[in-house]
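Reader: I am new to this structure and would like to walk through it with you. Could we take it one question at a time?

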Amino acid sequence: HRWTFTSSHQHLRYNPLRDTWVLVSAHRMKRPWSGQVEKEEEDQVPQHDPNNPLCPGNTRANGEVNPDYNNTFVFENDFPALQPNAPDPGYNQHPLFQSKAARGVCKVMCFHPWSDVTLPLMTLPDIIKVIDKWAELMVDLGSTYPWVQIFENKGAMMGCSNPHPHCQVWASNFLPNEATLSDRCQREYLKTHGEPLLLQYAKMEAEKQERVVVQNADWLAVVPYWATWPFQTLLLPRRHVQRLTNLTAQEREGLASIMKRLLTKYDNLFQISFPYSMGWHGAPTGPYLKEDQFHWQLHAHYYPPLLRSAGVRKFMVGYEMLAQEQRDLTPEQVIHLGNSITATYAIYKHRSSSV
């Protein structure tokens, strides 16, 4: 019996970025849900909270006072996971009990002085300032460290402890696991097929138009063919770009526009401020700046946890932890659902046009 990817037949899909397979079981969306329902987050966030350590002019945990910033603001994380002067554990170790030195720096970057805005509610010029600061941090930290991870955890559901719009930047003296795996997979694909993996993938998705969420002249965002999380997206440049620092002024403007459109669609999906974890992956830096990194293509991952509604999330437990990744609806079904959301601006609440 012939079937299509929009049918309810379970199947496996290959993720070439991680060399893993994902079990797709779309028929499981029909099952009744009587499990945990998340409490909706508080919608009324003040523009300025005198007790919020990320707001302009406020005092942080270490006693330092924030400046009265009016766009982005970067500072050293008061509780860093990495520090530059960690001791070396030594090299005379048993193969089953190995450890290495982990050194680095952790920074926090505020997007905007107001606590009651998020990226989709910011103006395009303000989003461009965020992108420019990301690139500036990549140059600064990437001159020394092999890996600079820019990431944003948005919403309490994703472990964000502060509603003020911000992200984190961790630079390390080692390549993290995901970066190492992605580097290997992209390198092997180029060697076998003669073209960077994600550059070819972006071209094919642009041609097929089956999983494209939003697109413009320089960028496209897709629900990847191998997506694990229900509403996962992959943001890709159309040109071969290895790092954020290589983006032209036009590509940065296009990136600001497509981020705003993508995140607005997320917010409109369940009419909430949509939670997610996102991050940028690009060619390694530091000592790798002098090496050939042609196999790399810049990209951003968005991993939202929600499944059925604003209150029902996808749990990666049981089979996913002990066997392999599994998803409950196809990426093509996600696109069909998302296409019904056509509003240009977030509709779940109104903001001043001055934001």
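Reader: Is asparagine 62 buried, partly exposed or exposed, and what is its relative accessibility?

Author: Happy to start there, with the reminder that this is a predicted model. Asparagine 62 is found in the loop between S2 and strand S3 (73–76). Buried would need under 20% and exposed over 50%. Asparagine 62 falls in between, so it counts as partly exposed, with a relative accessibility of 41%.

Reader: Which side chain makes a polar contact with the side chain of asparagine 62?

Author: Two contacts of this side chain can be described. One of its polar atoms lies 3.0 Å from the backbone nitrogen of glutamate 64. The side-chain partner, also at 3.0 Å, is aspartate 78.

Reader: How far is the C-alpha atom of asparagine 62 from that of phenylalanine 79?

Author: Along the chain, asparagine 62 and phenylalanine 79 are 17 residues apart. In space, their C-alpha atoms are separated by 9.3 Å.

Reader: Which residue in S2 stands opposite tyrosine 14?

Author: Strand S1 (residues 11–15) pairs with strand S2 (residues 20–24) in the antiparallel sense, over five bridges. The two form a hairpin with four residues between them, and aspartate 19 in that turn has a positive phi of about 55 degrees. Opposite tyrosine 14 in S2 stands tryptophan 21.

Reader: What kind of aromatic pair do tyrosine 14 and tryptophan 21 form?

Author: The structure holds 16 aromatic pairs. For tyrosine 14 and tryptophan 21, the centres are 5.1 Å apart and the planes make an angle of 55 degrees. Stacked needs under 30 degrees and edge-to-face over 60, so with 55 degrees this pair is tilted.

Reader: How many residues apart in sequence are the parts tied together by tryptophan 134 and tryptophan 280?

Author: These two rings form an edge-to-face pair, 6.1 Å centre to centre with 65 degrees between the planes. Both tryptophan 134 and tryptophan 280 are buried. Tryptophan 134 belongs to helix H1 (residues 124–142) and tryptophan 280 to strand S10 (residues 276–281), so the distance in sequence between the parts they tie together is 146 residues.

Reader: Which residue in S14 is the bridge partner of valine 24?

Author: S2 is also joined to strand S14 (residues 326–327) by two bridges, and these strands run parallel. In S14, valine 24 has as its bridge partner arginine 327.

Reader: Over which ring does the charged end of arginine 13 sit?

Author: Two arginines can be described in this way. Arginine 60 lies over the face of phenylalanine 75, at 4.0 Å from the ring centre. The charged end of arginine 13 is 4.3 Å from the centre of its ring, which belongs to tyrosine 225.

Reader: How far apart are the end C-alpha atoms of helix H4?

Author: Helix H4 (residues 249–270) has 22 residues, and 16 of them are buried, so the helix is largely enclosed by the rest of the structure. At 1.5 Å a residue, the expected span is 32 Å. The distance in the model agrees with that: 33 Å.

Reader: Which residue follows H4, and what is its phi?

Author: Just after the helix comes glutamine 271. Its phi is positive, near 55 degrees.

Reader: How many disulfides does a search of the whole structure find?

Author: Two of the cysteines can be placed first: cysteine 106 is buried at 1% relative accessibility, and cysteine 185 is buried at 5%. A disulfide would need two cysteine sulfur atoms within 2.5 Å. Across the whole structure, the number found is zero.

Notes: Residues numbered from 1 in each chain as written. Predicted model: local features only at pLDDT ≥ 70, side-chain atom pairs only at ≥ 80, totals over all residues. Heavy atoms only, no water. Phe/Tyr/Trp six-rings, centres within 6.5 Å; stacked < 30°, edge-to-face > 60°. Buried < 20%, exposed > 50% of the residue type's maximum accessible area, 1.4 Å probe, protein only. Lys NZ or Arg CZ within 6 Å of the ring centre and 35° of its normal. Pairing = 2+ DSSP bridges. Expected span 1.5 Å × (residues − 1). Polar contact = N/O pair within 3.5 Å; in protein donor to acceptor, adjacent residues only side chain to side chain.
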